[in-house]
Amino acid sequence: METFIVQTVAPALLQYVVELSISFVSEAALAVYQAKAQEKLARAKNLKDVELFHSMDAFTAELISVSDSVIQQTKETLKLGEQHAPLLRLFEDYKFLNELAKWLVLGQHGEGEQARKSLETRMIATLRGCGTKPELVTEFEKTFFALIERDIARNPTLAHWRQEASLKILSCKLFTPEQLQHALIRYRDLTLKFCDILDLASLPEDDRHLATQKFVLRNFYVPLRVRVEMTALTEEDLIKLELRRESERLQAAGREKGEQENLDRVAVGERLQQNSHFVVLGDPGAGKTTLIRWLVTAYLLKMKQDVDFAKLPDVKTLPSRDWLPILIRCRELDTDSLRGGLDDMLRQTLKKAELVDDTEVLLVALKQQLHAGQALLLIDGLDEIADHTVRIGFCKQLETVAVSYPAVTMVITSRIVGYREMPFKMGHSFEHLIVTDLSKEDKDEFARRWCETTELKDRCAQATADLIKAIHSSDRIERLTGNPMLLTTLALVKRKVGKLPTRRADLYYEAIKVLLNWRAEVDEPLDDREALPQLEYVAYEMCRRGEQRLREDEIVALLEEVRVNYANIRPLHKHSAEEFLKILQRRTSILIEVGTVKRDGLLVPIYEFRHIVFQEYLAGLALVRGHFPGHDKTKRLAERIAPLAGQLEEIEGEFAISENWREALRLCIASCNDDDVDEAITAILTPLNTEDAEKTARPRSVLAVLCLADEPNVSETVGNQVLQQFVQQMGENDGRGGVRTSLDTAAMELAHSVWAEKLQRELAQEFCQREAQVRWSPGGLCGMMGEEIIFASSDSSSEIKKLIEQLDGTNESKILMSSLTIMNIALSRHFPTDLVPVALDKLSVLLNQSNARDQAVVWAMGWLAVNEEKTTELAENEVSIAISTLLELEEFTISNKAITPLVFLVTIDTGIVKAVKLLTTLAGKNERVRIAALGALAKIIQNALFKLLSRRYPGLSLKEIIAHARIAKAAEELKLPPEDIQRRYEDLAQQFGLILEWKQ
């Protein structure tokens, strides 16, 4: 609680500063005060008050001269009597005012700090002399100047005036313009060197060609994009943001379905043109620091008028300003700097930049740029301030800076989680931006820049093409390259190995090796034998618990368990659990701190794997190598994984293996010894005696097929067994177009493996064996796989031509598979228009009343014709086969609108009669078949009445009598005169034999 002394004197002093600032900035008043200052200086020269005016400059004299009237105004405004304001009498002492002026304008500079101490000493002595209680004096000493500093900072006018006054006296009193300019040039050169130069010796690369060279950021930088959140984020907003981040993280790992939100991606430069205060948020490795370095490099190159400025990516989006970038990295600030003001931050930054000798002159020069609005203030790594209390105070100080320097543009970066868990959020018009993942085009641009810099000139073009192809070679790699750090990791893997491994397990292993040695040139190498067993142990336990994050104490406990349970692994004892965790976070970024959580009243750090696939891979590796809690050395691998494959959860109406283990088990099979593969996959495929096989058989089959997709060295016998059981699990919702079920998903993954054609054959065989009404699932899935294979190739058009050529062959299985694939490509509207007539002609000659094959052929012909509106001439027997084949499907076919495509198989001139003749025989069919037939007729004759009949009158057949009530209803629906409807019915009756009541 503030004492009476503070409550009375602090407002008095503030009132004094207010009056002082108002008077001082008035041009008319300034002339008067300057005259008074000259008069007082003249007295000093006459040896009067020599001590007072010793070394006093004109600026300080001006401040003192203002005080005469200001003190009286202050007393009158506050209505303080002498008994209430013993300290105010000090204001009549010119020596006291001299110290006060120095403190106000010089702040924490040498003379300013000395002045504050002198003021404090004088005021405390006065209080004691007045008989003030000791405890009140102590409280005054602790709080008074801090409160004054706070209140000045909170008042924009006072804060701005103080900065202006400070710069005026410092620049004219301490340094010459030449000194200031020289210091700025040195600062710019060193800052550009730091931000633009990349030292690849810190990367895990054995290639001396890279490790011994210096490269520039401008050669590597790929423009990042951000999405705009709101100006001031509430706690609820940040929770939603974190939930969205988690959803995107799961989608990136293939663990969660759903589309990314359609949010605009904008350039940071565009936002800089519209706002001046930003907080840029992103995950570790998202490129926040690189973004800051790009801004620094861009504006320093521009300031130097360097021709390379125009070559730097994305600079056209930046505001056309001559900003001096001032970079403050939070990790380099000590506690005193973080708790202090802007001067403290700048001093520590300059000290770290080895500019100690130029600190004071640069401090003045930088503040001049800030005050004039000619600086871009960049604060990198807000979340790296570990102490939340210190971080909050630092943020409040940044807001003060924004008030004190209203013309300054400020950009602050932080991790999303670290920012969310900080109780204080940046306000004062700070806009919040989120760094987005790299787009396909961004990744391609990175590949070009990477290869131009790291490859020899004659290999650059081919290396670029190879890297781009590798990055987009599969969904799993695509998902791994969304952020710049992981993209760089995979580029290094490709450079080291020669290509990106096609097998996921191999890819993840190489990526982890790269990350484990990320700073091998500047830190002691991290031994794989020490790191991997501990990472495996932690990853397994996280999967077992179904967690993606663990508290620091939980991870340390697990790391200590490893040391006890695996005492024979000597490298594990090289570091303590706590030391190893710190090394991991600092060196590798595989396991990273992402925030804090309350535990027993304290904030405890929480950790997660940088990418969830690393957690899943390491958990799978733990199963193979036996590095997990509760490991029983007597059990074989198959025995370890069999119960895990039986853990189910319900997802979108169907049972699936728990996602805790789904990917980990796949990666376990991909990583295990060849001798264990058959037994391990069989263990996944086969329900245990203790399980409900009706529930687990399908999800186990799906997981076993997913394991085959990773191409482990499984025997033909076991592989075929997996495929056969998989096909037997097909239900009516599978293969319906679009990947809707877990079984669809597994088949689509297998389409990119050596087992693809074998599964297609199994599906084709199942298609033939089933009744006509239930063939769609295996046939549709076979076609979906074929389409997936076709469009995964680099030349899909050529592959479709080969598909059509297979229709001329004698292999019934291939003809069937080709027909179903053509049907699916046409159904999804991807069939090349120029190839439709050729395909239709070849398909039409295949109609020979071979039940299953005809069904596939008619489907293919129908959807080709519907989507391209092409027709082909059919003989009467071919039309008959086509119609009768479709009719065998009855209700199932009709519900999928498979009759309608038939109408485009015939030409208007010669096919209508054939089609109508056969369709009119449907009067005896069930109601839904009759409706579908009428719909087909409506398509053929393109007559609105038939469309109306098929939709509105489900009981209608071609033999039913058309009454006057029908005419009235049709006229109402079609909004036509009844006479017009009656005339049309009479025309139709002559062509199709309709029975009209009024003609009887």
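In helix α16, the buried residues (under 20% relative accessible area with a 1.4 Å probe, protein chains only) are Thr359, Val361, Leu362, Leu363, Val364, Ala365, Leu366, Lys367, Gln369 and Leu370. The model is predicted: local features require pLDDT of at least 70 and side-chain atom pairs count only at pLDDT 80 or more, whereas totals for chains, interfaces and linings use all residues. Residues are numbered from 1 along each chain as its sequence is written, and side-chain values use heavy atoms, with hydrogens and water left out.

**Helix α16**
- Ten of the 13 residues of α16 are buried, so the helix is mostly covered.
- Helix α16 (residues 359-371; helices are DSSP runs of H or I, at least four residues, numbered from the N terminus) has its end C-alpha atoms 18 Å apart, which agrees with the 18 Å expected at 1.5 Å a residue, that value being multiplied by one less than the number of residues.
- Gly373, just after α16, adopts a positive phi of about 75 degrees.

**Nonpolar cores**
- A nonpolar core is a set of buried Ala, Val, Leu, Ile, Met, Phe, Trp, Tyr and Cys residues joined through side-chain atoms within 4.5 Å.
- The largest has 229 residues, of which Phe394, Phe609, Leu623, Ile641, Ile681 and Phe831 touch the most other members.
- A second, separate core of 16 residues includes Ala115, Leu119, Ile124 and Phe140.

**Cysteines**
- The count of disulfides (pairs of cysteine sulfur atoms within 2.5 Å) is zero.
- The closest cysteine sulfur to that of Cys451 belongs to Cys460 and lies 5.9 Å away, too far for a bond.
- Cys451 is buried, with a relative accessible area of 2%.
- Cys768 is in no disulfide, the nearest cysteine sulfur being that of Cys782 at 9.7 Å.
- With a relative accessible area of 41%, Cys768 is partly exposed (between the buried limit and the exposed one of over 50%).

Conventions
Helices (H or I, at least four residues) and strands (E, at least two) are DSSP runs, numbered from the N terminus.
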